[in-house]
Amino acid sequence: MLIYDLNANPLNSNEWAFPLTECFHITSFALSIGTIVLVDLKLLGLAMKRQTSAQLLKDTSLWTLAGLIIVIVSGLMIFSSDPVHYYYNYAFRFKVFMLLAAIIFNYTIHRKVAMSGSPGAGKVVGAASLLMWISVVYGGLWIAFI
Amino acid sequence: MTAAQISQAIQDVGFLTYIRESGYTYPIIMATHLASIAAFGGLILLTDLRLLGWALTDCSITDVVKGLRPWKWLGFCIMVTCGLLLGLSESNKYYGNPYFQLKMFLLLMVAVHAIVFRPTVYKNTEALDRAGAAIPSVAKAAATLSLVIWIGIACCGRWIAYYEPPRAGKNGEPVTMRVPAPDTSAPLTAKLRR
């Protein structure tokens with residue numbers, strides 16, 4: 001039988017570790033989602049009129065990836081502080097589902113449409129991307145309220 | 001009137017009491033606060049990274065600063081509105097919280113930062129673009145300070161939830177804070193601070 005001592009996790013025994021990890025989580029999701037939102041606004045025709053969506057995507061993709069890596073690592077650390085409770089939390093399940101969907105969407109359809117710059121598909125894809133990422137944040141916050 | 005009475009009077013206002021005691025309204029406002037940090041706070045970080053010459057270098061500084069300005073303003077208004085509703089609805093709990101106080105101070109610094117750097121950076125982007133790849137140090141200084149202030153605001157915002165006011169001991173002396181042993185049997189909702 002696997003025995004995991006929660007008290008041995010620094011996030012549970014150190015006063016500063018948990019909130020500090022959350023700060024990394026928040027700052028890095030601002031970075032990753034913010035850079036994706038920039039491309040979404042361009043796809044919707046609402047910002048950066050002089051640039052192409054392909055150019056904006058290329059210019060931000062490294063920061064998006066960096067943010068995603070930090071947000072996932074810090075998220076896994078937070079998850080490790082109490083895995084069983086998170087696992088049975090429906091907001092957490094919703095969040096993880098939406099996060100996986102949003103990441104897959106981001107690196108497939110979103111990327112393809114942003115690179116081709118077709119205006120019709122751009123509006124639908126930009127709006128879908130915005131909705132997915134915002135729902136990830138809502139799901140994450142809701143974990144603490146159910 | 002003392003600060004305690006004033007803050008109590010504020011949070012006793014009808015709709016603020018409703019927000020505090022509501023089942024869904026409170027988390028919806030908080031989630032909106034957080035979502036606007038994700039969407040629009042990210043645009044602030046991106047503008048700073050552009051001024052440092054680390055991101056969006058194919059776009060001119062003018063395009064980034066001017067193009068994102070209306071969106072950052074929209075985000076700022078949503079963030080502040082939600083933040084005010086959350087803060088005022090629990091003002092009695094928050095006014096003495098040092099992280100809340102530091103956050104308010106840093107928000108004041110946002111205004112000071114804007115006033116100080118407006119003529120040389122934010123209203124001077126054409127000149128910055130003419131400098132080409134050698135971005136003037138005043139722009140880099142503005143970006144660095146902006147990053148420090150905004151990340152500080154986000155961190156203080158999170159830390160507000162972890163502050164416990166010192167309780168008076170038997171003889172009135174303050175009791176030093178101790179880390180409580182984690183209660184693994186407690187439900188998650190009790191562990192995660194709001």
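Start by selecting chain B: 30% of its 194 residues count as buried. This is a predicted model, so keep a confidence colouring to hand. Chain B has nine helices and zero strands, which gives the run α-α-α-α-α-α-α-α-α along the sequence. Turn on contacts within chain B between residues at least 6 apart in sequence, and 74% of them join residues at least 24 apart.

**Stop 1: helix α3 of chain B**

Select α3(B), residues 25–51. Of its 27 residues, 22 are buried, so the helix is largely enclosed by the rest of the structure. Put a distance on the end C-alpha atoms and you get 38 Å; at 1.5 Å a residue the expected span is 39 Å, so the two agree. Now look along the axis for a kink of about 35 degrees, centred on B:Ala38. Keep B:Ala38 labelled, as it comes back later.

Step just past the end of the helix to B:Gly53, where phi is positive at about 80 degrees. Carry on to B:Leu56, in the loop between α3 and α4 of chain B. Phi is positive here too, near 55 degrees, and this residue is not a glycine. Is B:Leu56 buried or exposed? It counts as buried, because 26 C-beta neighbours lie inside 10 Å and the cut-off for buried is 20 or more.

**Stop 2: where the chains meet**

Show both chains and select the contacts between them: 36 residues of chain B are in contact with 40 residues of chain A. On the chain B side, α3 (25–51), α4 (61–89), α8 (137–159) and α9 (188–191) each supply at least two residues. Which helix gives the largest share of that side? It is α3(B), with 14 residues. Colour this side of chain B by class and you will find 26 nonpolar, five polar and five charged residues.

**Stop 3: the largest nonpolar core**

Next, select the largest nonpolar core, which has 72 residues. The members that touch the most others are A:Trp133, A:Val137 and B:Ala38. From chain A, α2 (17–43), α3 (53–80), α5 (90–116) and α6 each supply at least two core residues, as do α3, α4, α6 (98–122) and α8 of chain B. The largest share, 14 residues, comes from α3(B). As background, nonpolar side chains tend to be buried together in soluble globular proteins.

Zoom in on A:Trp133, in helix α6 of chain A, residues 119–142. A:Trp133 is buried, with 27 other C-beta atoms within 10 Å. Leaving aside residues up to four places away in sequence, A:Trp133 touches A:Ile33, A:Ile36, A:Ala102 and B:Ala38. Draw a C-alpha to C-alpha line from A:Trp133 to A:Leu99: these residues are 34 apart in sequence and 7.3 Å apart in space.

Then click on A:Val137. With the same sequence neighbours left out, A:Val137 touches B:Ala31, B:Leu34, B:Ala35 and B:Ala38. So B:Ala38, at the centre of the α3(B) kink, is on the contact lists of both A:Trp133 and A:Val137.

**Stop 4: helix α5 of chain A**

Select α5(A). Its 27 residues should span 39 Å at 1.5 Å a residue, and the end C-alpha atoms are 37 Å apart, which agrees. Where does α5(A) bend? Look at A:Asn106, where the bend is about 45 degrees. Show the buried residues of the helix as sticks: A:Lys95, A:Met98, A:Leu99, A:Ala102, A:Asn106, A:His110, A:Val113 and A:Ala114. They pack against α2, α3 and α6 of chain A.

For a contrast, go to A:Tyr90, also in α5 of chain A. A:Tyr90 counts as exposed, with 11 C-beta neighbours inside 10 Å. A:Tyr90 and A:Ile146 are 56 residues apart in sequence, yet 8.0 Å apart from C-alpha to C-alpha. After α5(A) comes A:Gly117, with a positive phi near 70 degrees.

**Last stop: a loop and a confidence check**

Select A:Met48, in the loop between α2 and α3 of chain A. Phi of this non-glycine residue is positive, near 50 degrees. A:Met48 is buried, with 20 other C-beta atoms within 10 Å.

Finally, colour chain A by pLDDT. The mean is 93, and 99% of its residues reach 70 or more. Among the elements of chain A, α5(A) has the highest mean pLDDT, 96, while helix α1 (residues 10–13) has the lowest, 85.

Key. Residues numbered from 1 in each chain as written. Chains lettered and ligands numbered in written order. Helix = DSSP H or I, 4+ residues; strand = E, 2+ residues; numbered from the N terminus. Buried ≥ 20, exposed ≤ 12 C-beta atoms within 10 Å, placed from the backbone. Contact = placed C-beta atoms within 7 Å. Nonpolar A, V, L, I, M, F, W, Y, C, P; charged D, E, K, R; others polar. Core = buried A, V, L, I, M, F, W, Y, C linked by C-beta atoms within 7 Å. Expected span 1.5 Å × (residues − 1). Bend = angle between axes of the 7 residues up to and from the residue. pLDDT = per-residue confidence, 0-100.
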